[in-house]
Amino acid sequence: MQLLPIDFSPYASALRIKRQDGQRWVFDPIRRKYLVLTPEEFVRQLLLHHFIHDCQYNPNRISVERKLLVNGLERRYDVLVFDLQMAPFLLVECKAPEVELDQSTCDQIARYNMTLQVPYLMMTNGRSNLCCQMDYKEKQYEYLNQLPAYPSH
């Protein structure tokens, strides 16, 4: 297992945060609204900024917290990036910084991916980042040392 060397800290100052009703809220550029700033939401927003600004992922091809049917049950994925043809490209599971990435995290994203069958899976808690490329034909995966480049065609 290989951790990705991603530093999300430069984006903390770029987040649009406000205080309202005794809570902190953060603006989500994908959903275009303010959301309660939980630890997991903080990680998700830092990741979105990284995707858009460093990875050049198209913000119009990013979906956040949408419903997904998994074994007949409704679940919500954290982030799903689509390629130019709107095929699922990268599925991401975000956790709060204090939550370790462990087997249960792997199991969760694997269950979500049974429906989606994306080429890349990522897990992050903002401190640790893992990404793997799926090989469905050989029924295996390989951990990557960097995020996949956004497909150009």
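In this predicted model, Arg-16 lies over the face of Phe-27, at 4.1 Å from the ring centre. A similar arrangement involves a lysine: Lys-18 sits over the face of Tyr-34, and the distance to the ring centre is 4.3 Å.

Aromatic rings also meet one another. How many aromatic pairs does the structure hold? There are 7 aromatic pairs. One of them joins Phe-89 and Tyr-120, whose ring centres are 5.2 Å apart and whose planes are at 65 degrees. An angle over 60 degrees counts as edge-to-face, so this pair belongs to that class. The pair links distant parts of the chain, since Phe-89 is in strand β8 (residues 88-94) and Tyr-120 is in strand β9 (residues 120-124), 31 residues apart. Both Phe-89 and Tyr-120 are buried. Tyr-141 and Tyr-143 make another edge-to-face pair, with 5.6 Å from centre to centre and 85 degrees between the planes. Phe-89 and Tyr-120 also belong to one aromatic cluster, together with Phe-51, Tyr-57 and Tyr-150.

Two of these cluster members, Phe-51 and Tyr-57, appear again in the largest nonpolar core. This core has 30 residues, and those that touch the most other members are Phe-51, Tyr-57, Ile-62, Val-81, Leu-90, Met-122 and Leu-147. Which elements supply at least two residues each to this core? They are α1 (39-54), β4 (62-64), β7 (79-82), β8 and β9. The largest share, 6 residues, comes from α1. Val-81 shows what such a position looks like in detail. Not counting residues up to four places away in sequence, Val-81 touches Phe-51, Tyr-57, Arg-61, Ile-62, Ala-87, Pro-88, Phe-89, Leu-90 and Tyr-150. Apart from the largest core lies another one, of 16 residues, and its members include Tyr-77, Phe-82, Leu-101 and Leu-116.

The next topic is the largest pocket. Its volume is about 170 Å³. Its lining is made up of Gln-103, Cys-106, Asp-107, Ile-109, Ala-110, Leu-121, Met-123, Cys-132, Met-134, Tyr-141 and Tyr-143. Two of these residues, Tyr-141 and Tyr-143, form the edge-to-face pair described above. Two or more lining residues come from each of α2, β9, β10 (129-135) and β11 (140-143). Which element gives the largest share of the lining? That element is α2, with 5 residues.

Helix α2 (residues 103-116) also holds Gln-108. Is Gln-108 buried or exposed? Its relative accessible area is 15%, and because buried means under 20%, Gln-108 counts as buried. Leaving aside neighbours within four places in sequence, Gln-108 is in contact with Glu-93 and Lys-95.

Other buried residues lie outside the helices and strands. Phe-8 is in the segment before β1 (17-20). With a relative accessibility of 3%, Phe-8 is buried. When neighbours within four places in sequence are left aside, the contacts of Phe-8 are Leu-46, Leu-47, His-50, Thr-124, Gly-126 and Asn-129. As for Gly-126, it is 118 residues from Phe-8 along the chain, yet the C-alpha atoms of the two are separated by 6.8 Å.

Asn-125 is placed in the loop between β9 and β10. How much of Asn-125 is accessible? The relative accessible area is 0%, so Asn-125 is buried. Asn-125 is 29 residues from Ala-96 in sequence, while their C-alpha atoms are 5.3 Å apart in space. Ala-96 is also one of the contacts of Asn-125, along with Val-43, Lys-95, Pro-97, Val-99, Glu-100 and Leu-101, with neighbours within four places in sequence left aside.

Two further loop residues are described by a backbone angle. Glu-65, in the loop between β4 and β5 (67-70), has a positive phi of about 45 degrees although it is not a glycine. Lys-139, in the loop between β10 and β11, likewise is not a glycine and has a positive phi, of about 55 degrees. Their accessibility can be set side by side. Glu-65 has a relative accessible area of 22% and is therefore partly exposed, whereas Lys-139, with 78%, is exposed.

Definitions and conventions. Residues are numbered from 1 along each chain as its sequence is written. This is a predicted model: local features need pLDDT of at least 70, side-chain atom pairs count only at pLDDT 80 or more; totals for chains, interfaces and linings use all residues. Side-chain values use heavy atoms; hydrogens and water are left out. Helices (H or I, at least four residues) and strands (E, at least two) are DSSP runs, numbered from the N terminus. Buried means under 20% relative accessible area, exposed over 50%, partly exposed in between (1.4 Å probe, protein chains only). Contact means heavy atoms within 4.5 Å. Rings of Phe, Tyr and Trp (its six-membered ring) pair if their centres lie within 6.5 Å; planes under 30 degrees apart count as stacked, over 60 as edge-to-face and the rest as tilted. A charge sits over a ring if NZ of Lys or CZ of Arg is within 6 Å of the ring centre and within 35 degrees of the ring normal. A nonpolar core is a set of buried Ala, Val, Leu, Ile, Met, Phe, Trp, Tyr and Cys residues joined through side-chain atoms within 4.5 Å. On a 1 Å grid over the protein atoms alone, a cavity is a set of points where a 1.4 Å probe fits but cannot get out, and a pocket is an open set with protein on both sides within 12 Å along at least five of seven lines; lining residues have an atom within 4 Å of a point. Grid points are joined across faces, edges and corners, and a volume is the space filled by probe spheres set on the points.
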